[in-house]
Amino acid sequence: MIKKTIKKIKFIFFTLFMFLFSYVVPKNDKLLIFQTIVGKGFRENPKYIFLYAKKKLPDYKLKFFISENENKSYFYKGIKKEDFRFKNWWYILRAKYIFIDTSNFTNINLSALIGRFNIIQTWHGTLIKYMGLDDKRLIKKNFFIKKLIRISFKKFKVIL
């Protein structure tokens with residue numbers, strides 16, 4: 001119970017901090033951030049966009065965020081594992097574009113960001129799967145989480 005409460009407080013602090021500072025910190029046009037489903041590994045659409053950017057945009061700084069709970073090391077062509085420690089929040093605030101493929105709003109991750117961010121949602125999905133606000137699991141979420149989800153979905157710059 002205490003662990004869950006601490007996790008919620010950390011999530012709320014992260015969300016508010018990032019919201020406020022997103023309007024103050026200037027963006028770096030050559031900084032791109034990537035993250036997959038709740039930061040679990042180097043995969044999905046952000047992986048391939050990352051690899052493409054690495055090849056085609058050699059003068060850009062690219063960071064691939066992987067959850068601090070992920071124990072695997074990812075050294076695919078020199079890719080360093082980034083996590084959500086306080087020191088990396090600066091990169092998130094400075095990034096011109098953030099590429100994600102998740103919409104989890106119960107953990108610290110990049111889909112939870114609200115504020116002045118350019119987020120590209122690279123979801124993969126099919127007609128037989130519920131996604132976004134149609135996801136049946138949202139019925140069980142509290143009001144605060146549902147409100148964050150609605151705000152967040154409105155702010156995606158592009159949804160694939």
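This passage walks through the nonpolar core, the salt bridges and the surface patches of a predicted model.

We can begin on the inside. The largest nonpolar core holds 25 residues, and those touching the most other members are Met18, Ile92, Ile98, Leu110, Leu113, Phe117 and Ile119. Several elements contribute to this core: H1, S1, helix H3 (86-94), strand S4 (95-100) and helix H4 (143-155) each supply at least two residues. Helix H1 gives the most, with four residues.

Next come the charged pairs. Side chains of opposite charge can pair when their charged atoms come close. A search of the whole structure finds three salt bridges. One of them joins aspartate 29 to lysine 96, with 3.7 Å between the closest N and O atoms. Here the partners come from distant parts of the chain, since aspartate 29 sits in strand S1 and lysine 96 in strand S4, 67 residues apart. Aspartate 29 has a relative accessible area of 49%, and therefore counts as partly exposed, as the exposed class begins over 50%. Lysine 96 is also partly exposed, at 25% relative accessibility.

Strand S1 takes part in another salt bridge through lysine 30. Its partner is aspartate 59, and the closest N and O atoms of the pair are 2.5 Å apart. Aspartate 59 lies in the loop between helix H2 (44-56) and strand S2 (61-65), so this pair ties together parts that are 29 residues apart in sequence. Lysine 30 is partly exposed, with a relative accessible area of 37%.

The side chains of arginine 43 and glutamate 44 also meet in a salt bridge, at 3.9 Å from N to O. Arginine 43 is partly exposed at 35% relative accessibility, and glutamate 44 is partly exposed as well, with a relative accessible area of 25%.

Finally, we can turn to the surface. Lys3, Lys4, Lys7 and Lys8 form a positive patch there. One of these residues, lysine 4, is placed in helix H1 (residues 2-22). Lysine 4 counts as exposed because its relative accessibility is 59%, and exposed means over 50%. A nonpolar surface patch of about 510 Å² is made by Phe19, Leu20, Phe21, Tyr23 and Val24. Within this group, tyrosine 23 lies in the loop between H1 and strand S1 (28-35). Helix H1 therefore appears in two parts of this account: as the place of lysine 4 on the surface, and as the element that gives the most residues to the largest nonpolar core.

Note on methods: Residues are numbered from 1 along each chain as its sequence is written. This is a predicted model: local features need pLDDT of at least 70, side-chain atom pairs count only at pLDDT 80 or more; totals for chains, interfaces and linings use all residues. Side-chain values use heavy atoms; hydrogens and water are left out. Patches are made of residues with over 30% relative accessible area and no salt bridge: like charges are joined within 9 Å, nonpolar side chains (Val, Leu, Ile, Met, Phe, Trp, Tyr) within 5 Å. Accessible areas come from the Shrake-Rupley method with a 1.4 Å probe; for residues, only the protein chains shown count as cover. A salt bridge is a side-chain nitrogen of Lys or Arg within 4 Å of a carboxyl oxygen of Asp or Glu. Lys and Arg count as positive and Asp and Glu as negative; His and the chain ends are not counted. The place of a charge is taken as NZ of Lys, CZ of Arg, CG of Asp or CD of Glu. Buried means under 20% relative accessible area, exposed over 50%, partly exposed in between (1.4 Å probe, protein chains only). A nonpolar core is a set of buried Ala, Val, Leu, Ile, Met, Phe, Trp, Tyr and Cys residues joined through side-chain atoms within 4.5 Å.
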